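Hello,

Here is the structure I promised to pass on to you. Have a look at it first, and then read my notes below.

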Amino acid sequence: MPASMSDPKKDMAPEPELVEEDDEPALPEADEAATIQLEEEGSLAAGRDAIIHALKQAPSRPGVYRMIDGRGDVLYVGKAKNIKKRIAAYARPTGLDTRIERMIVSTRTLEFVVTRTETEALLLEANLIKRLRPRFNVTLRDDKSFPYILITSDHWAPQILKHRGARSRPGQYYGPFASVWAVNRTVNALQRAFLLRSCSDPFFESRTRPCLLYQIKRCSAPCTKEIEFRDYAALVREANAFLSGRSKSVKDQLAAAMEKASTALDFEHAAIYRDRLAALSAIQSQQGINPRTVEEADVFAVHQQGGFTCVEVFFFRTGQNWGNRAYFPKADKSLGPGEVLAAFLAQFYDDKPPPRLILISHAIEDQALLAEALCTKSGHRVEFSTPQRGEKKDLIAHALANAREALGRKLAETSSQQKLLHQLAATFGLPRPPRRIEVYDNSHIQGTNAVGAMIVAGPEGFRKKDYRKFNIRSTELTPGDDFAMMREVLERRFKRLMNEAPRTLPSPLAGQGGVPGEGPRIPADAGILEPSPALALLGIPPPQGGREDEDDSPWPDLVLIDGGLGQLNAARDVLAGLGAEVPLVAIAKGPERDAGRETFFLPGRDSFKLPPRDPVLYFVERLRDEAHRFAVGSHRTRRARDMREAGLQEIAGIGPTRKRALLHHFGTLKAIERASVTDLMQVEGISAETARRIYEFFHEGAA
């Protein structure tokens, strides 16, 4: 038994984790501006008067202007080479399109910021749009930062790691990668290929013997001088060369070294070179389309349909495809693809370094100005191109095909979701399809590491950015008391909600207001949401009215509780104590937790079941299962953190000897967690009963 297997806490540096994000964000809500009506002649005149008044103070210099409504909300942010001339154009009595007229109607004042150049104005405009999200601008939604690979240069033994955020640490950054999954896969393969350390500097300095990564051939252990400094430096140079595009040269060198070792009958080293070559081949084989003539470029393609826009982005670095992502920016349907793309690009590169070449599917206005602005930011020349032939045109065509597919898929999902929400409202007696559904669940093992979870869904699907987890804090709870845990979670959630967004909702569920046991019912096909181009495009009748002011409300229109009558009563007591009126439904699992036989509990109504093939039943099961997945995942993360302190001895019957045997066999705690009972029984000293206890500790025991 190697000594390095004795303690997982000391023998493996904790992996830094990046949170995965949706590759395809939700479609934006229907444009609020589209619902603004020119109710009276005086409205447009009042807006023009405000603009004419502001025109007197407008500077004749480059800068940014903000149009503001009567509530102080920013309606629009624009840039201009000459602010005074641009503002004067809004005061014209005729010749303005409907979108601009709607904007003028709401304008009550303007503010100006002067810049030295038009380039600075463009950069400031993009920054303000991202921060303020004005109603009438094209706005980039879900613009999460991208993950990178970093090979550090501030230590004699450079480290390879995943990185997201400010690039402040010295080293070579490679990216962006379109997803955390892509960067994780690449880093794992690079570790097998180049054996670079991934541990932190403090962990590295504290080592007296190699860690587990050395045992499983994912590190060369420079910490304990298992490799000489010059040899480790050579590995670092090879890794940087591979990620910089010289992959063929690196692979040729490894192949030559493998042949040399094989000829000398040094089969052990030949096998090492073989495995490193296989790891590099695996990286390249999973990257899809790899262009021959494009070394470094971002590819943007725009597709519009049904009043929505999809922008598909592909990243090519060092001649390799590092992934793609679809965006659905919020834009007025009157804007063409070139106008949307121009606004999108300025915001996209507001906090990202641009490549030297940007390929775009549609020509954009102020292309030279944007290129100059990006050049100023990045310190190198940036070129825009709309290719008409050759391989670059093929890349655009490929991106356009992906944009069409992504938007079509989102429109179809939106259509299906809207229909389900109408049917859900009819089933539960809601006065209108819910815009925000919150689902709650708990997870724990015999009361330990208890976590409550809230997931959120709406017309656009799951809203993962709104998910929340609640570490159960109370020390007075009886272990395993699900009712008390639910009370704590709901009390914390709605107490904070009432402080941050005080509001009392009318009770829309049957039996939760009005005549006891009765409630407003609506037909499943009733149209009561605001108009959506996606609905019209896909054959859903346009809605008749709605509450536009509540579309972005943090208050739920429906709360689903995983549990039975007891959980429902606990939830009602909490909300009643806080003075909050929120519609509640509890979902109790069927006999033997059989999906499809759930019982629904609503205040003031008899419990009921839905037909086994009812679409609403499937929809609610999806919501409940997503809440359960999120709760269990949060619980496991918390438990894993504690296990790094307590070790596997937390499981009954597992002492130091069996712990070492398990780690020696599987390598990591995560591998043990994923193992089946049969796999666990293969470990020396692990009986069938012990294997079952280990498996249940990680799986079936999670409530």
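**Helix H17 and its surroundings**

In helix H17, the residues that count as buried are Gln-567, Leu-568, Ala-570, Ala-571, Val-574 and Leu-575; buried means under 20% relative accessible area, exposed over 50%, and partly exposed in between, with a 1.4 Å probe and protein chains only. These buried residues lie on the same side of H17, because they cover an arc of only 165° around the axis, where the arc is that of the directions from the helix axis to the C-beta atoms. The face turned away from that buried side carries the exposed residues Asp-573, Ala-576 and Gly-577.

What covers the buried residues of H17? The cover includes helix H15 (482-500) and the strands S16 (558-562), S17 (584-588) and S18 (599-601), with contact meaning heavy atoms within 4.5 Å. Helices (H or I, at least four residues) and strands (E, at least two) are DSSP runs, numbered from the N terminus.

H17 has 14 residues (565-578), which should span 20 Å at 1.5 Å a residue, and its end C-alpha atoms are indeed 20 Å apart. The expected span is 1.5 Å times one less than the number of residues. After H17 comes Gly-579, with a positive phi near 75°.

**Some background**

Please keep in mind that this is a predicted model: local features need pLDDT of at least 70, side-chain atom pairs count only at pLDDT 80 or more, and totals for chains, interfaces and linings use all residues. Residues are numbered from 1 along each chain as its sequence is written, and side-chain values use heavy atoms, leaving out hydrogens and water.

The protein has 703 residues, of which 52% count as buried, and its secondary structure comes to 22 helices and 18 strands. Taking contacts between residues at least 6 apart in sequence, 67% join residues at least 24 apart.

**Another helix, H6**

Helix H6 (residues 180-194) has 15 residues and reaches 21 Å from its first C-alpha to its last, close to the 21 Å expected at 1.5 Å a residue. H6 is mostly covered, with 11 of its 15 residues buried; among them are Val-180, Arg-185, Gln-191 and Phe-194. Just after H6, Leu-195 takes a positive phi of about 60°.

**Aromatic rings**

How many aromatic pairs does a search of the whole structure find? The search finds 18. Rings of Phe, Tyr and Trp (its six-membered ring) pair if their centres lie within 6.5 Å; planes under 30 degrees apart count as stacked, over 60 as edge-to-face and the rest as tilted.

One of the pairs is Trp-156 with Phe-229, which is tilted, at 6.0 Å centre to centre and 50° between the planes. This pair links distant parts of the chain, 73 residues apart: Trp-156 is in the loop between strand S4 (148-152) and strand S5 (160-163), and Phe-229 is in helix H9 (residues 229-243). Trp-156 counts as partly exposed because its relative accessibility is 35%, and Phe-229 is partly exposed at 49%.

Phe-428 and Phe-600 also form a tilted pair, at 5.7 Å centre to centre and 55° between the planes. Here Phe-428 belongs to helix H14 (residues 390-428) and Phe-600 to strand S18, 172 residues apart. Phe-428 counts as buried, at 0% relative accessibility, and Phe-600 is buried with a relative accessible area of 0%.

Finally, Phe-300, Tyr-327, Phe-344, Phe-348 and Tyr-349 form one aromatic cluster.

Best wishes
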